[in-house]
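Let's take a walk through this structure together, beginning with a term we will need along the way. After that we can look at the places where protein and ligands meet, and at the fold behind them.

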Amino acid sequence: MPRLVMKFGGTSVATVDRIRHVARHVKREVAAGYDVAVVVSAMAGKTNELVGWVKDASAFYDSREYDAVVASGEQVTSGLLAIALQEMGLPARSWQGWQIPIMTSDAHGSARISAIDGTAILASFAERREVAVVSGFQGIHEPTRRITTLGRGGSDTSAVALAAAVQAERCDIYTDVDGVYTTDPRIVAKARRLDRVSYEEMLEMASLGAKVLQVRSVELAMVHGVPTYVRSSFDDPADPQLGTLICDEDDIMEQQIVTGIAYSKDESQITLRNVADKPGVAASIFVPLADANINVDMIIQVVSDNNTTTDITFTVPAAEYERACRVLNEHRSEIQFDDLQGATDVVKVSAIGVGMRSHAGVAAKAFKALAERGINIRAITTSEIKFSVLIDSAYTELAVRTLHSLYGLDRT
Ligand code: ADP
Ligand code: ASP
Ligand code: MG
C-alpha cells in the first residue's frame with residue numbers, strides 16, 4: 001500500500017467538532033487506498049497557555065520540565081483524533097513521540113530530530129491497517145529518557161521527518177489557509193496562492209518570517225526529497241483542493257523574478273557609537289556575542305571620516321536583545337564604544353525569488369519605491385535569492401504591500 005502523512009495544525013483541531021472534520025479527511029485517504037499516519041498539533045491556543053503556565057511557575061524554569069509540560073497539548077489531540085476515527089469505524093491508535101520513538105537531541109525547547117524508528121508504525125499498517133495518529137512537536141532524548149519538543153511550529157517538522165522515515169508518497173500539511181501565498185494573506189488581501197514553490201524559496205520565506213511552515217521542516221523536505229503540500233483543512237472532505245506543492249526548482253515552469261515577500265518582527269537593532277576603528281574591533285564585538293549563542297544577522301559598519309572611530313550597527317533576535325546589550329556592556333573596555341543605542345520597534349522585510357540569480361537591480365528598485373513612500377531603511381542585506389531591509393515596524397504593512405505590488409505579485 002502507498003503511504004501518506006497528513007499533518008493538522010492548531011486551528012484545524014481547535015474543537016472536537018473540528019477534529020471530527022479532520023477525521024473525515026483522513027477517512028477519504030484511507031478509502032483511496034493509503035496507509036495513513038496523521039500528525040497533530042495541540043488545539044489552537046493550548047501551547048501558548050501551557051508556555052504561560054510554565055513562565056508563571058518560574059522565570060528561570062528548567063527547560064526539561066518546560067518540555068514535559070508543553071508536549072502535553074499534542075497528547076490530548078492525538079487521543080481525541082484516534083477516538084474520532086474509531087467512531088467512524090476506522091482502526092486507529094495514538095502514538096506519543098517516545099512510543100515510536102522519535103529520537104532527538106537534548107536541546108530542550110528546540111530539539112532536533114536525530115532518527116525515527118518507523119518499524120512499529122509500519123507493522124501496525126501491515127498487521128491491522130491501523131491509522132497512526134502521532135503527536136507532533138515532541139520526541140525523546142534517549143540517553144536521558146526525557147521528553148523533548150522541537151520548537152514552536154515543530155509539528156510541521158515531525159510530519160516531514162515521519163514522511164521520510166516511512167517513505168511516504170507525500171506529506172500533506174493541512175492548515176487554516178489553502179496554500180502558500182506570495183505573502184501573508186492576513187496582511188495583504190491581494191496576496192496570490194502559489195501552485196508550486198521551490199524548496200529553496202520556501203526555506204528562505206520560512207526563515208525570513210513566513211510562519212506557514214517551520215524552517216526545519218522545509219530543510220528536511222528538501223534533503224529527503226519529500227513532496228510536500230500545504231493545503232486547507234477547512235475544505236469539504238468530499239471535495240479537497242491540492243494547495244501548494246513545495247518541490248524542486250526544475251519542476252516549476254513559470255518562474256517569477258520575485259516569488260514572495262516575508263516579514264519578521266522578531267528583530268532588534270543595536271548600534272555602537274564611536275568604536276575604535278582598528279583591526280580586531282569586529283572580533284571584539286561579535287566573538288563575545290557568538291560565545292553567548294546570540295545570532296547576529298545584518299551588520300553595517302560606517303566608514304569613518306577621521307580614521308579613529310566608527311559606528312557599527314547590527315541586528316539580533318528580539319528575544320535576545322536584553323542579553324546582547326548585557327554582553328556588550330560587559331565587554332565595553334575591550335570594544336571601547338562611547339554609546340550603545342538600541343531599537344526593538346523594527347521589522348525585517350524581505351523579497352525572495354530564485355530569479356534574482358539572473359537579474360540585476362532587483363533590490364535597487366525596492367529601495368527607490370520605499371523611499372518614495374517615506375520609509376527609511378536602517379539596514380540592508382542581500383544574498384543570492386533574497387534581499388532584506390530593516391525598517392521601523394510602524395511601516396510593516398505599507399512596506400510589504402509596496403514590494404508586493406512592485407514585483408507584480410498582486411492578484412488582479
Ligand atoms: P498551523 O496552526 O496550521 O500550523 P500556522 O499558524 O502555523 O498554522 O501557519 C498558517 C499561517 O501562516 C496562516 O494563517 C498565515 O497567516 C501565515 N502565513 C504567513 N505567511 C504566509 C504565506 N506566505 N502563505 C500562507 N500563509 C502564511
Ligand atoms: N503546538 C506547537 C506550537 O504551537 C507545535 C505546532 O503547532 O506545530 O508551537
Ligand atoms: Mg504552524
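A polar contact here is a pair of N or O atoms within 3.5 Å. Keep that cut-off in mind as we turn to ligand 1 in this predicted model. In the side chain of arginine 186, a polar atom lies 2.6 Å from an oxygen atom of ligand 1. Aspartate 184 also offers a polar side-chain atom, 2.9 Å from a ligand 1 oxygen. Glycine 10 takes part through its backbone instead, with an N or O atom 3.2 Å from an oxygen atom of ligand 1. On its own, ligand 1 exposes 570 Å², and the protein buries 84% of that.

If you look around the rest of this site, you will find 17 residues surrounding ligand 1, with Thr175, Asp176, Tyr181, Asp184 and Arg186 coming nearest. By character, the shell is made up of 7 nonpolar, 5 polar and 5 charged residues.

Now let's move to ligand 2. Its surroundings consist of Ser41, Ala42, Thr47, Glu74, Phe137, Arg152, Gly153, Gly154 and Ser155, which divide into 2 nonpolar, 5 polar and 2 charged residues. An N or O atom in the side chain of arginine 152 is 2.6 Å from an oxygen atom of ligand 2, while a polar side-chain atom of serine 41 lies 3.0 Å from a ligand oxygen. Glutamate 74 approaches a nitrogen atom of ligand 2, with a polar side-chain atom 2.7 Å away. Taken alone, ligand 2 exposes 260 Å², of which the protein buries 87%.

What order do the strands take in the open sheet of 8 strands? Reading across, they run β3-β6-β2-β1-β9-β11-β12-β10, and the pairing is mixed. The edges belong to β3 (92–95) and β10 (196–198); each has a single partner strand, so one side of each is left without a neighbour in the sheet. Neighbouring strands are turned by 20° against each other on average, direction ignored.

Within the sheet, take a look at β9 (residues 170–175) and β11 (residues 228–232), which run parallel and are joined by 5 bridges. Threonine 175 stands opposite serine 232 in β11, and Thr175 is also one of the residues that come nearest to ligand 1.

Finally, add the helices. Helix α1 (residues 16–31) lies across β1, β2, β6, β9 and β11, at about 170° to β1. Helix α7 (residues 199–207) packs on the sheet too, touching β10 and β12, and its direction makes about 80° with that of β10.

Key: Residues numbered from 1 in each chain as written. Chains lettered and ligands numbered in written order. Predicted model: local features only at pLDDT ≥ 70, side-chain atom pairs only at ≥ 80, totals over all residues. Heavy atoms only, no water. Pairing = 2+ DSSP bridges. Helix = DSSP H or I, 4+ residues; strand = E, 2+ residues; numbered from the N terminus. Axes fitted to C-alpha atoms, helices over the stretch in contact; angles between N-to-C directions. Contact = heavy atoms within 4.5 Å. Near = heavy atom within 4 Å. Polar contact = N/O pair within 3.5 Å; in protein donor to acceptor, adjacent residues only side chain to side chain. Areas by Shrake-Rupley, 256 points an atom, 1.4 Å probe, with all protein chains shown as cover. Nonpolar A, V, L, I, M, F, W, Y, C, P; charged D, E, K, R; others polar.
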